[in-house]
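Work through the exercises below with the model open. Try each task before reading its solution.

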Amino acid sequence: MAEFLSLHDAVARYVEDGATVAMEGFTHLIPFAAGHEVIRQKKRDLTLIRMTPDLIYDQLIGAGCAKKVIFSWGGNPGVGSLHRLRDAVEKGWPRQIEILEHSHAAMACAFEAGAAGLPLAVLRGYVGSELPNVNDQIKFIECPFTGERLAAVPAVRPDVSIVHAQKADRKGNVLVEGIVGVQKEAVLAAAKSIVTVEEIVEDLIAEPDYHPNACIIPGWAIDAIAVAEKGALPSYAHGYYPRNNRFYKEWDAIARDRDAFTRWLDENVFHQDDKPAGGEA
Amino acid sequence: MSIEYTSSEMMTVTAARALENGMTCFVGIGLPSEAANLARLTHAPDVVLIYESGTLQTRPEVLPLSIGDGELAESALTTVAVPEMFRYWLQGGKISVGFLGTAQIDRYANLNTTLIGDYHDPKVRLPGGGGAPEIATNAGEVFITLKHSKRAFVKDVDFVTTLGFGRDGKGRDGVPNIGKGPTRVITDLCVMKPDPETKELTVVSLHPGVSREDVCDATGWEIRFAGELASTPEPSAHELEILRELKERTERQHAGE
């Protein structure tokens, strides 16, 4: 049953050094506030899983929290590179990290397999790609019924998944709206889960816009809920605030330079308890 | 009586014209997205645009900066989870065209978006595969659009992120349940199609004012030209007007936030 905790306490309790952590949100509802709390608590040696590392993992990598990153598209969308990710991969700053790269289809299937309790995901994928040459987690199997050669990847089973959502109710049920990405899969695939939300309402089912097919994660399938207003900035929260595209563009210059990045981290993360870093919506 | 336009506009308009009503198109971000939305706003209002963020049949007012901008969900018929997007809609065979961009492309239309140099000691690290590896094999066919340059058009890509026709042109032979692969490549200089036999990219149409030498100078291998080389039709005033309005709206919105 979901427990209501402060963001500080949720991260302190569930994110341990050396853990495998998935912070999901497909360009939407990216849990930046939670990522910043992980940085503030100086968690180390994390294996970070995310389809699109985005600025959130660029920041965690630059802050020295990661030892390994598993991803499928590592860029600043519409802008260019993730310079902290590149600096770590190419120059080992602030530490050497290992990367394991997939395609989106494979990672999406791997999250789904994790949620389904399966050891692997099977897909018609990676045909002719050289990614299997550099990622030993991509194998091929033969369909026992048709003989077709199919790709197989291990299920994603994080120690803890962290996602952001629009709202939770008093029973801890969580509503996710708009681009839902792999958030539900990430929560269900993980041993423990933290969901940050914009607000708490009395009862989701009594909300005027409730719909029987809404994407709701029941409170009994979640471990911790923490309120983090504007917790997805500079990404967006459908129905609450837009994406701060300008910050995504400004990030390029900040992240390009180690000193500028370190200053940014000091001013916007270490000395800003729980406040959104990434401009105003 | 010719209209003024840039080579980029020529590329986008030509890429847009490749799409038709009745197609379902899985759209990559950047140039493909610009072309696909121009098609939708001009000659192909019923073309179905799908983005990997799960937005089905979307009609954005402005071009998205990221693949998952709110605009895409707000203007979509429906939005599904990302696993459903890749499993049911793409792998399930519901996509007729995948429209992709790339950093590097070779003579067999293999795409590299992973890195320049050696994998374990890269000169330039690129974002990676994203949706492309499965879009390129599970969609009915693939259109590719990018600017023409020697850096981009190389004889052999440093890394095959996404299959065109493989390093020997035979990468799709005998593979069950696979799409036709790249059927055209649209650049700011020309249109290329794979040779029906060898699958090597061949120039089939030159844009107005572009010479064979221009294409050769911007291509990293000895590019072949079709026997009957066409001249790509110029953009119309209407297409240019719609494209420029779309780009202005987009810039205003992205600067304002």
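**Exercise 1. Overall build of chain B**

Task: State how many helices and strands chain B has, and judge its compactness from the radius of gyration.

Solution. This is a predicted model. Start with the secondary structure: chain B has 7 helices and 14 strands. Next, take the radius of gyration, which is 18 Å for chain B. The globule rule gives 18 Å for 257 residues, so chain B is as compact as a globular protein of that length. Then fit a box along the principal axes: the C-alpha atoms of chain B fill roughly 50 × 45 × 35 Å. Burial comes next, and 53% of the 257 residues count as buried. Finish with contact order. Of the contacts in chain B with a separation of 6 or more, 67% involve residues 24 or more positions apart.

**Exercise 2. Overall build of chain A**

Task: Repeat the analysis for chain A, beginning with its helices and strands.

Solution. Chain A has 9 helices and 15 strands. Its radius of gyration is 18 Å, close to the 19 Å that the globule rule gives for 281 residues, so chain A is as compact as a globular protein of that length. Its C-alpha atoms fill a box of roughly 50 × 50 × 35 Å along the principal axes. In chain A, 57% of the 281 residues count as buried. Now take contacts between residues at least 6 apart in sequence: 75% of those in chain A join residues at least 24 apart.

**Exercise 3. A helix pair in chain B**

Task: Describe how helix 1 and helix 2 of chain B cross, and list the residues that make the contact.

Solution. Locate the helices: helix 1 of chain B spans residues 7-17 and helix 2 spans residues 31-41. Their axes come within 8 Å and cross at roughly 60°. That angle makes helix 1 of chain B oblique to helix 2 of chain B. The crossing is right-handed. Helix 1 contributes Thr12(B), Val13(B), Ala15(B) and Ala16(B) to the contact. Helix 2 contributes Leu31(B), Glu34(B), Ala35(B), Leu38(B) and Ala39(B). Sorted by class, the contact has 7 nonpolar, 1 polar and 1 charged residues.

**Exercise 4. A loop residue in chain B**

Task: Is Tyr108(B) buried or exposed?

Solution. Place the residue: Tyr108(B) lies in the loop between strand 6 (104-105) and strand 7 (111-112) of chain B. Count neighbours. Tyr108(B) has 26 C-beta neighbours inside 10 Å, so Tyr108(B) counts as buried. Then look beyond four places in sequence: the contacts of Tyr108(B) include Phe165(B), Arg167(B), Lys199(B) and Glu200(B). Lys170(B) is 62 residues from Tyr108(B) in sequence, with a C-alpha to C-alpha distance of 9.2 Å.

**Exercise 5. Where the chains meet**

Task: Find which helix of chain B gives the largest share of the side that touches chain A, then examine helix 4 of chain A.

Solution. The contact takes 44 residues from chain B and 46 residues from chain A. On the chain B side, helix 3 (70-74), helix 4 (82-91), strand 9 (121-125) and helix 5 (132-138) each give two or more residues. Helix 4 of chain B gives the largest share, 5 residues. By class, this side has 18 nonpolar, 20 polar and 6 charged residues.

Cross to chain A. Helix 4 (residues 83-91) of chain A is mostly covered, with 7 of its 9 residues buried. Among them are His83(A), Leu85(A) and Val89(A). The partners of its buried residues include helix 8 (245-256) and helix 9 (258-270) of chain A, together with strand 9 of chain B. Just after helix 4 of chain A, Gly92(A) takes a positive phi of about 70°.

Terms used:
Residues are numbered from 1 along each chain as its sequence is written. Chains are lettered from A and ligands numbered from 1 in the order in which they are written. This is a predicted model: local features need pLDDT of at least 70, side-chain atom pairs count only at pLDDT 80 or more; totals for chains, interfaces and linings use all residues. Axes are lines fitted to C-alpha atoms, for helices over the stretch in contact, and angles run from 0 to 180 degrees between N-to-C directions. Helices (H or I, at least four residues) and strands (E, at least two) are DSSP runs, numbered from the N terminus. Angles under 35 degrees count as roughly parallel, over 145 as roughly antiparallel, 65 to 115 as roughly perpendicular and the rest as oblique. A crossing is left-handed if the near helix is turned anticlockwise from the far one by less than a right angle, and right-handed if clockwise. Two residues are in contact if their C-beta atoms, placed from the backbone, lie within 7 Å. Ala, Val, Leu, Ile, Met, Phe, Trp, Tyr, Cys and Pro count as nonpolar, Asp, Glu, Lys and Arg as charged, and the others, Gly among them, as polar. The radius of gyration is taken over C-alpha atoms; the globule rule is 2.2 Å times the number of residues to the power 0.38. A residue is buried if 20 or more other C-beta atoms lie within 10 Å of its own, exposed if 12 or fewer, and partly exposed in between; C-beta atoms are placed from the backbone.
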